[in-house]
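Got your viewer open? Load the model below and follow along, one selection at a time.

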Amino acid sequence: MPGDKAFVNAIFRQVMKPYIDKTWQSEEDRESCYRKNEKCDKNTRIFEYEGKGIGYYAIQYFPDRIFLDQIHLLPEFQNMGIGTFIIKDILTAAKIKNLP
């Protein structure tokens, strides 16, 4: 999807802003947090609904485990079971590979 990095980072900012604002007092510290959490590499997956990006997850693969680094959904798509479905799918993939 064109603009994947911008999309992923915009969702992170939107979803995490209330928590980051409460955690870091200065704008400089908040921006530093956003920069440290920028994602969008070969292990980042964007999920869509009716052709519109609604969220993403980032996974790290290790020889002995699969690590779910981040999962974020736009607020209007939260509490609908989408995140649960994705996490269960990741757990199934790990189980098939005999990984925790």
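Start by selecting residues 4-23: this is helix α1, which lies across β1, β2 and β3. In this predicted model, α1 runs at about 95° to β2. Now add α3 to your view; α3 also packs on the sheet and touches β1, β2 and β3. The direction of α3 makes about 170° with that of β3.

Next, hide the helices and look at the strands. Three of them form an open sheet in the order β1-β2-β3, with antiparallel pairing. Find β1 (44-49) and β3 at the edges: each has a single partner strand, so one side of each is left without a neighbour in the sheet. The twist averages 25° from one strand to the next.

Zoom in on β2 (residues 52-62) and β3. How many bridges join β2 to β3? There are eight, and the two strands run antiparallel. To see one bridge pair, pick Tyr-61 and its partner in β3, Ile-66.

Stay on β3 (residues 65-73) and click His-72. Is His-72 buried or exposed? His-72 is buried, because its relative accessible area is 10%, and the cut-off for buried is under 20%. Beyond its close neighbours in sequence, His-72 touches several residues, including Phe-12, Phe-47 and Tyr-56.

Last stop: Pro-75, in the loop between β3 and α3 (82-96). Pro-75 is partly exposed, with a relative accessible area of 40%. Leaving aside neighbours within four places in sequence, Pro-75 is in contact with Gln-14 and Val-15. Try a distance label too: the C-alpha atoms of Pro-75 and Ile-54 are separated by 8.9 Å, though these residues sit 21 residues apart along the chain.

Notes
Residues numbered from 1 in each chain as written. Predicted model: local features only at pLDDT ≥ 70, side-chain atom pairs only at ≥ 80, totals over all residues. Heavy atoms only, no water. Helix = DSSP H or I, 4+ residues; strand = E, 2+ residues; numbered from the N terminus. Buried < 20%, exposed > 50% of the residue type's maximum accessible area, 1.4 Å probe, protein only. Contact = heavy atoms within 4.5 Å. Pairing = 2+ DSSP bridges. Axes fitted to C-alpha atoms, helices over the stretch in contact; angles between N-to-C directions.
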